[in-house]
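Student: I have a new model open on my screen and would like to talk through how its pieces are arranged. Could you walk me through a few of them?

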Amino acid sequence: MLRVRFAPSPTGYLHIGSARTFIFNWLYARRNGGTMILRLDDTDVERNTQASVDSIYDGLNWLDLSWDEFYRQSDRLDLHRAAAATILEKGLAYRDFTPAAGPDAEEKAHDGMAWRANPGQREMSKEESDARAAAGEPFVIRYRVPRDTGRVVSFKDSVYGDQSKSCDDIEDFALLRSSGMPTYHLASCADDADLRISNIIRGQDHLTNTFKHVLIFEALGAAIPQFAHLPLLIAPDGAKLSKRKHGPVVSVTTYRDAGFLPHSYVNFLCLLGWSPKDNREQMTRQEIIDIFSFEGINRSNAVVNFTEEDPIDPKALWLNGQHLRSLPVAEIMPAVTKVLETAGYTIPTDAAHFTSVVDLIRARYTTLLDFAGKGRPYFSDEFTIEPAAMEKLDVPGARALLAELGERLAADAEFTEASVEAHLRALATERGVKAGVLINGSRAALTGQAVGPSAFHLFTAVGRERAIARLKAVA
RNA sequence: GGCGCCAUCGUCUAAGGGUUAGGACGGAGCCCUCUCAAGGCUCUAAUAGGGGUUCGAAUCCCCUUGGCGCUACCA
């Protein structure tokens with residue numbers, strides 16, 4: 001039975017790297033008929049926040065990602081403590097009564113030898129250890145990593161291949177804190193074992209932690225899951241993406257607020273560190289599910305391309321534009337409607353007409369926000385005339401001609417692309433002006449913009465009454 | 001410092017012993033055209049460096065360099 005999990009610690013907003021980890025887990029589960037589990041790894045009581053939990057839900061919901069089972073580590077502390085007790089009883093761990101090292105702990109690692117264990121703790125007799133614990137002295141439980149035995153821990157990673165590390169290079173890591181709370185390593189492994197996780201798919205920052213985890217699984221007598229580590233997402237400066245240093249680019253909500261289609265953004269994230277290997281880039285969710293495998297995952301970190309001026313990866317923008325214009329138009333209507341509603345527009349009551357307008361303008365837009373911005377004249381009468389459009393209107397005689405065109409259209413019951421074109425061209429011929437003057441002028445009058453769709457399409461998109469009124473208004 | 005991982009155009013990537021090292025984004029240009037997009041076409045730009053192995057290396061091995069990760073009672 002294939003079971004995967006996404007286990008974020010709720011200490012901040014949903015990070016795009018985390019979202020991508022969720023996605024790869026989810027793809028693997030959906031591809032292979034497995035179970036997707038969401039588990040909140042909230043053992044760091046100090047740093048957990050409800051706002052962060054909400055942000056994780058918000059982000060995943062927006063991305064249209066789902067899970068089948070849900071757990072929270074804080075509900076499972078008994079399990080973790082029992083696991084620590086089991087390992088301690090087996091003699092594979094010991095109590096360490098040394099006070100917490102604090103922030104300057106790093107120094108001891110730099111003055112030559114790497115830290116492996118605190119002196120005198122590992123060797124303490126069971127009697128002394130039990131007595132001091134019974135006396136209420138605080139302690140941390142550490143794993144007793146085999147020393148000088150030549151023991152090598154190894155596992156095969158689905159992405160990085162065979163991995164091995166000598167136990168002599170692994171320090172006696174903590175399992176249970178003096179507060180009685182489990183550490184990440186213990187809680188994670190105890191839960192993975194209990195939840196029968198078959199595949200652990202997570203960031204490469206955990207690659208070297210995996211040796212410790214293998215040791216814990218063994219101590220617990222649990223089956224060792226199959227591991228797959230993912231290359232990290234990094235900033236153009238090579239550093240790990242962080243909110244503090246890189247700002248909103250790291251947060252999933254930024255892309256939602258910037259008008260991305262969720263499926264497009266997932267598509268983009270998938271392309272960072274994974275490739276279908278057939279040059280495809282724009283893919284539907286189903287296409288990605290159908291082709292996803294660890295074979296396509298890269299081993300080197302991927303740079304999210306952005307600058308301070310342009311906080312969004314240009315390729316993400318391009319891909320969003322591709323989805324926006326090539327999806328069946330009906331599929332984007334709910335998102336467009338929502339954006340317009342949020343921006344305070346009145347949604348057109350004629351659904352068919354509304355859809356045709358969206359279809360007309362979407363090819364030149366890249367995000368949903370464009371419908372509320374550049375799309376304003378199509379959905380509202382309150383729009384300004386841009387300078388470039390003003391130039392088209394200020395062509396000598398243009399305004400009067402446009403107003404006259406408006407009158408002629410008003411006098412004709414027929415109002416189609418063809419009938420409008422006929423009137424416009426006839427008027428231009430009669431007055432000896434180039435049709436272009438009226439064509440470009442019409443676009444300017446109808447939308448306040450010098451650029452946009454074919455002028456004749458514009459008339460029907462704006463609608464008869466509005467078009468006539470706007471033509472007369474420029475006179 | 002120790003240990004581990006990684007290294008192809010500016011960015012995302014393909015090629016995994018034999019290719020003019022391919023595609024995409026970005027940038028430049030041309031075509032299309034009532035404008036702007038879209039679309040089509042062209043150009044731009046890469047195997048980190050050095051040694052091996054081999055008839056032949058981006059690809060396998062070693063060294064160097066660089067980057068990243070772990071080295072906490074954070075995850």
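**Strands, helices and domains**

Tutor: Gladly! In this predicted model, A93 stands opposite Y143 in β5.

Student: Which strands are the edge strands of the sheet with the order β4-β5-β8?

Tutor: This is an open sheet of three strands with antiparallel pairing. Four bridges join β4 to β5, residues 140–143. An edge strand pairs on one side only, and here that applies to β4 (93–96) and β8 (174–176).

Student: What angle does the direction of helix α3 make with that of β4?

Tutor: Neighbouring strands of the sheet are themselves turned by 40 degrees against each other on average, direction ignored. Helix α3, residues 77–89, packs on this sheet and touches β4, β5 and β8. Its direction makes an angle with that of β4 of about 105 degrees.

Student: Is α10 roughly parallel or oblique to α12?

Tutor: Helix α10 (residues 262–270) packs with helix α12 (residues 314–326) at about 135 degrees, and their axes are 9 Å apart. Angles over 145 degrees would count as roughly antiparallel and those from 65 to 115 as roughly perpendicular. The angle of this pair therefore makes α10, relative to α12, oblique.

Student: How many charged residues are in the contact of α10 with α12?

Tutor: On the α10 side are H263, S264, N267 and F268, which meet K315, A316, L319, N320 and H323 in α12. These divide into three nonpolar, five polar and, for charged, one.

Student: What separates the centres of domain 1 and domain 4?

Tutor: Domain 1 covers 3–71 + 186–233 of chain A, and domain 4 covers 332–473. Taken over C-alpha atoms, their centres are separated by 51 Å.

How values were computed: Residues numbered from 1 in each chain as written. Chains lettered and ligands numbered in written order. Predicted model: local features only at pLDDT ≥ 70, side-chain atom pairs only at ≥ 80, totals over all residues. Heavy atoms only, no water. Domains from an automatic or database assignment. Axes fitted to C-alpha atoms, helices over the stretch in contact; angles between N-to-C directions. Helix = DSSP H or I, 4+ residues; strand = E, 2+ residues; numbered from the N terminus. Parallel < 35°, antiparallel > 145°, perpendicular 65-115°, else oblique. Contact = heavy atoms within 4.5 Å. Nonpolar A, V, L, I, M, F, W, Y, C, P; charged D, E, K, R; others polar. Pairing = 2+ DSSP bridges.
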